[in-house]
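Student: I would like to go through this model step by step. Can we start with single residues and then move on to pairs and the sheet?

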Amino acid sequence: MSNTNSTPKTQSPQETQDSHDSDTHDTVRNERNENAADGRRPTPMEVLRQARAQLTELTGLVPETVSSFEQTEDGWSVEVEVLELTRVPDTMSLMASYQVELDPEGQLTGYRRVRRYERGRADARGGR
(Lines give C-alpha, C1' and ligand atoms only; values in the text may rest on other atoms or scores of the structure.)
Protein backbone atom coordinates (compact mmCIF):
# COMPACT_ATOMS: atom_id res chain seq x y z
CA MET A 1 0.00 0.00 0.00
CA SER A 2 1.47 3.37 -0.96
CA ASN A 3 1.42 6.51 1.10
CA THR A 4 -0.19 9.31 -0.90
CA ASN A 5 -0.12 11.90 1.89
CA SER A 6 3.39 13.04 0.98
CA THR A 7 2.74 13.53 -2.73
CA PRO A 8 2.09 17.10 -3.87
CA LYS A 9 -1.46 17.99 -4.87
CA THR A 10 -1.79 18.54 -8.61
CA GLN A 11 -3.81 21.50 -9.79
CA SER A 12 -6.26 21.58 -12.60
CA PRO A 13 -5.62 24.17 -15.33
CA GLN A 14 -8.48 26.30 -13.93
CA GLU A 15 -6.99 26.19 -10.40
CA THR A 16 -3.60 27.17 -11.82
CA GLN A 17 -5.19 30.09 -13.76
CA ASP A 18 -7.15 31.18 -10.67
CA SER A 19 -3.95 31.12 -8.62
CA HIS A 20 -2.15 33.18 -11.30
CA ASP A 21 -5.03 35.68 -11.45
CA SER A 22 -4.95 36.06 -7.66
CA ASP A 23 -1.18 36.67 -7.74
CA THR A 24 -1.65 39.27 -10.51
CA HIS A 25 -4.38 41.09 -8.56
CA ASP A 26 -2.16 41.14 -5.45
CA THR A 27 0.75 42.57 -7.46
CA VAL A 28 -1.48 45.28 -8.95
CA ARG A 29 -2.84 46.23 -5.51
CA ASN A 30 0.69 46.42 -4.09
CA GLU A 31 1.85 48.63 -7.00
CA ARG A 32 -1.17 50.91 -6.50
CA ASN A 33 -0.46 51.24 -2.78
CA GLU A 34 3.25 51.95 -3.37
CA ASN A 35 2.45 54.60 -6.00
CA ALA A 36 -0.07 56.31 -3.73
CA ALA A 37 2.36 56.26 -0.80
CA ASP A 38 5.19 57.96 -2.68
CA GLY A 39 2.94 60.29 -4.73
CA ARG A 40 4.22 59.17 -8.15
CA ARG A 41 2.32 58.20 -11.25
CA PRO A 42 2.37 54.57 -12.38
CA THR A 43 4.75 53.50 -15.16
CA PRO A 44 3.26 52.34 -18.47
CA MET A 45 3.93 48.69 -17.52
CA GLU A 46 2.10 49.18 -14.23
CA VAL A 47 -0.84 50.72 -16.11
CA LEU A 48 -0.93 47.72 -18.49
CA ARG A 49 -0.92 45.27 -15.58
CA GLN A 50 -3.68 47.24 -13.85
CA ALA A 51 -5.79 47.38 -17.03
CA ARG A 52 -5.52 43.61 -17.55
CA ALA A 53 -6.26 42.79 -13.90
CA GLN A 54 -9.20 45.19 -13.60
CA LEU A 55 -10.79 43.99 -16.87
CA THR A 56 -10.44 40.37 -15.69
CA GLU A 57 -12.00 41.24 -12.34
CA LEU A 58 -14.99 42.96 -13.98
CA THR A 59 -15.66 40.57 -16.86
CA GLY A 60 -14.15 37.25 -15.80
CA LEU A 61 -12.36 37.16 -19.17
CA VAL A 62 -8.58 36.71 -19.16
CA PRO A 63 -6.71 39.00 -21.59
CA GLU A 64 -4.50 37.17 -24.08
CA THR A 65 -2.77 40.16 -25.63
CA VAL A 66 -2.70 43.93 -25.60
CA SER A 67 -3.04 45.13 -29.19
CA SER A 68 -2.78 48.87 -28.56
CA PHE A 69 -1.77 51.17 -25.73
CA GLU A 70 -1.56 54.94 -25.64
CA GLN A 71 -1.56 57.85 -23.25
CA THR A 72 -4.46 60.25 -23.77
CA GLU A 73 -5.39 63.66 -22.39
CA ASP A 74 -7.62 61.93 -19.82
CA GLY A 75 -5.30 59.07 -18.89
CA TRP A 76 -4.70 55.89 -20.87
CA SER A 77 -6.43 53.90 -23.61
CA VAL A 78 -5.75 50.18 -24.05
CA GLU A 79 -7.16 47.66 -26.52
CA VAL A 80 -7.13 44.12 -25.14
CA GLU A 81 -7.84 40.81 -26.91
CA VAL A 82 -9.71 38.17 -24.89
CA LEU A 83 -11.02 34.66 -25.53
CA GLU A 84 -14.82 34.85 -25.19
CA LEU A 85 -15.90 31.38 -26.28
CA THR A 86 -13.81 28.24 -26.70
CA ARG A 87 -14.63 26.07 -29.70
CA VAL A 88 -13.13 23.06 -31.42
CA PRO A 89 -11.03 23.45 -33.44
CA ASP A 90 -9.31 26.32 -31.63
CA THR A 91 -9.28 28.42 -34.81
CA MET A 92 -13.08 28.67 -34.52
CA SER A 93 -12.97 30.04 -30.95
CA LEU A 94 -14.54 33.48 -30.52
CA MET A 95 -12.20 36.31 -29.61
CA ALA A 96 -13.07 39.90 -28.74
CA SER A 97 -11.31 43.24 -28.58
CA TYR A 98 -12.12 45.47 -25.63
CA GLN A 99 -11.33 49.16 -25.49
CA VAL A 100 -10.33 49.96 -21.90
CA GLU A 101 -10.10 53.54 -20.63
CA LEU A 102 -8.07 54.37 -17.53
CA ASP A 103 -7.45 57.55 -15.56
CA PRO A 104 -3.88 58.93 -15.18
CA GLU A 105 -3.32 56.72 -12.10
CA GLY A 106 -4.31 53.57 -14.00
CA GLN A 107 -7.79 53.10 -12.53
CA LEU A 108 -10.30 51.70 -15.00
CA THR A 109 -12.96 54.27 -15.86
CA GLY A 110 -14.75 52.34 -18.58
CA TYR A 111 -14.57 49.55 -21.14
CA ARG A 112 -16.50 48.34 -24.15
CA ARG A 113 -16.30 45.50 -26.63
CA VAL A 114 -15.36 46.98 -29.98
CA ARG A 115 -15.37 43.81 -32.06
CA ARG A 116 -15.82 40.07 -31.98
CA TYR A 117 -14.19 37.61 -34.38
CA GLU A 118 -13.13 34.00 -34.89
CA ARG A 119 -9.55 33.30 -33.84
CA GLY A 120 -8.62 31.93 -37.27
CA ARG A 121 -9.86 34.96 -39.25
CA ALA A 122 -7.54 37.60 -40.64
CA ASP A 123 -8.32 41.19 -39.70
CA ALA A 124 -9.98 43.00 -42.61
CA ARG A 125 -10.45 46.32 -40.78
CA GLY A 126 -9.01 49.33 -42.56
CA GLY A 127 -7.26 47.26 -45.22
CA ARG A 128 -4.50 46.16 -42.85
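Student: Is Tyr 111 buried, exposed or partly exposed?

Tutor: This is a predicted model, where local features need pLDDT of at least 70 and side-chain atom pairs count only at pLDDT 80 or more, while totals for chains, interfaces and linings use all residues. Residues are numbered from 1 along each chain as its sequence is written, and side-chain values use heavy atoms, with hydrogens and water left out. Buried means under 20% relative accessible area, exposed means over 50%, and partly exposed is in between, with a 1.4 Å probe and protein chains only. The relative accessibility of Tyr 111 is 35%, so this residue is partly exposed.

Student: Which residue forms an aromatic pair with Tyr 111, at 6.0 Å centre to centre?

Tutor: Rings of Phe, Tyr and Trp (for Trp the six-membered ring) pair if their centres lie within 6.5 Å; planes under 30 degrees apart are stacked, over 60 edge-to-face, and the rest tilted. Here the planes are 50° apart, which means the pair is tilted. One ring lies in strand 3 and the other in strand 4, so the pair ties together parts 13 residues apart in sequence. The partner of Tyr 111 is Tyr 98.

Student: What is the angle between the planes of Phe 69 and Trp 76?

Tutor: Trp 76 is buried at 7% relative accessibility, whereas Phe 69 is partly exposed at 29%. Their ring centres are 5.1 Å apart, and the pair is stacked. The angle between the planes is 5°.

Student: In what order do the four strands stand in the sheet?

Tutor: Strands (E, at least two residues) and helices (H or I, at least four) are DSSP runs numbered from the N terminus, and two strands pair if DSSP finds at least two bridges between them. The sheet is open and its pairing is antiparallel. Strand 1 and strand 4 each have a single partner strand, so one side of each is left without a neighbour in the sheet. The order is 1-2-3-4.

Student: Which residue in strand 3 is the bridge partner of Val 80?

Tutor: Strand 2 and strand 3 (residues 94-102) run antiparallel and are joined by nine bridges. The partner in strand 3 is buried, with a relative accessible area of 8%. That bridge partner of Val 80 is Tyr 98.

Student: How many salt bridges are there?

Tutor: Side chains of opposite charge can pair when their charged atoms come close. A salt bridge is a side-chain nitrogen of Lys or Arg within 4 Å of a carboxyl oxygen of Asp or Glu. One of them joins Glu 46 and Arg 40, with the closest N and O atoms 3.0 Å apart. By this rule the count is six.

Student: Which residue meets Arg 113 in a salt bridge?

Tutor: The N to O distance is 3.0 Å. The partner lies in strand 2 (residues 75-85) and Arg 113 in strand 4, 29 residues apart. The partner counts as buried at 19%, while Arg 113 is partly exposed at 44%. The residue is Glu 84.

Student: Which residues are linked with Asp 90 in a network of salt bridges?

Tutor: Two members of the network meet at 3.1 Å, N to O. One of these two lies in strand 1 (residues 63-72) and the other in the segment after strand 4 (108-118), so their pair ties together parts 55 residues apart in sequence. The residues linked with Asp 90 are Glu 64 and Arg 119.
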